[in-house]
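Work through the exercises below with the structure open. Each task is followed by a solution in steps.

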Amino acid sequence: MKLIRKILIGLLVVFIAIQFYRPEKNISRENDTAMFLRETNPPEEVRDILQNSCFDCHSNNTRYPWYNNIAPVSFWLADHIEEGKSELNFSEWETYSDKKKDHKLEELYEETERRSMPLKEYTWTHQEAKLTDAQIEAVVKWAKDTRSLNQLGNRPK
Ligand code: HEC
């Protein structure tokens, strides 16, 4: 019994200690997805979907839930965001080459179509980010149309 008590107290001390460490938040002041939205010109519906279901992990601005104030959850979220951004960051769209943009749009509709995105871990706690069949269809259509426009060299400037 004594040992178990010591272990529990030890765990509690560790839990309290890690609360003093906070990963840096992913919040930029700029409205930096504007370039992406201007260039790919999604219809209103798709714009809302991207905003509600994707930008938290794929842009420089995350809307944090309250539980991000608790470690180790904060570290777990920071990790997802960092990984998501390294794959695709809508805030840095203008730094991508035309070839990379095209490839990312392709990945985007593939991931959405096979329901790999948004991540399940995210929709558990963000029910509103879950996509309906109609929403998935809208995203896929917009991404495909944008790609073929780009390939024709008609990318809106
Ligand atoms: C909770 C965070 C999170 C959310 C929300 C999220 N993603 Fe992701 N995304 C990731 C992570 C992490 C990866 C990299 C690991 C992987 O592929 O599973 C990723 C990878 C991707 C990739 C792969 C890029 C490549 O080049 O291989 C695409 C495309 C993508 N996400 C699109 C989306 C879209 C579209 C949405 C919204 C419908 C979305 N994601 C929502 C975290 C997220």
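**Exercise 1.** Find the salt-bridge partner of R114 and state how exposed each of the two residues is.

Solution. Step 1: apply the criterion, a side-chain nitrogen of Lys or Arg within 4 Å of a carboxyl oxygen of Asp or Glu. R114 pairs with E110, with 3.9 Å between the closest N and O atoms. Step 2: classify by relative accessible area, where buried is under 20%, exposed is over 50% and partly exposed lies in between (1.4 Å probe, protein chains only). R114 has 52% and is therefore exposed; E110 has 27%, so E110 is partly exposed.

The model is predicted: local features need pLDDT of at least 70, side-chain atom pairs count only at pLDDT 80 or more, and totals for chains, interfaces and linings use all residues. Residues are numbered from 1 along each chain as its sequence is written, and side-chain values use heavy atoms, with hydrogens and water left out.

**Exercise 2.** Which residue forms a salt bridge with E39, and where do the two partners lie?

Solution. Step 1: E39 bridges to K101, the closest N and O atoms being 3.0 Å apart. Step 2: this pair links distant parts of the chain, with E39 in helix 2 (residues 34–40) and K101 in helix 6, 62 residues apart. Helices are DSSP runs (H or I, at least four residues) and strands are runs of E (at least two), numbered from the N terminus. Step 3: E39 is buried because its relative accessible area is 15%, and K101 is buried at 6%.

**Exercise 3.** Locate the salt bridge between D145 and K141 and classify both residues.

Solution. Step 1: the N to O distance is 2.7 Å. Step 2: both residues belong to helix 8 (residues 133–151), four residues apart, about one turn of the helix. Step 3: D145 is partly exposed at 38%, while K141 is exposed at 54%.

**Exercise 4.** Which residues coordinate the iron atom of the ligand, and what is the arrangement of donors?

Solution. Step 1: count as donors N, O and S atoms within 2.8 Å of the metal (3.2 Å for Na, K and Ca); water is not among the atoms, so sites may look incomplete. H58 (NE2) and M117 (SD) coordinate the iron at 2.0 to 2.3 Å. Step 2: H58 lies in helix 4 (residues 55–58) and M117 in the loop between helix 6 (98–113) and helix 7 (120–125), 59 residues apart. Step 3: the six donor atoms subtend angles of 85 to 178°, so the arrangement is octahedral. Six donors count as such if opposite donors are over 155 degrees apart and all others between 65 and 115. Step 4: H58 is buried at 13%, whereas M117 is partly exposed at 30%.

Notes: Tetrahedral: all angles 85-135°; square planar, octahedral: opposite > 155°, others 65-115°.
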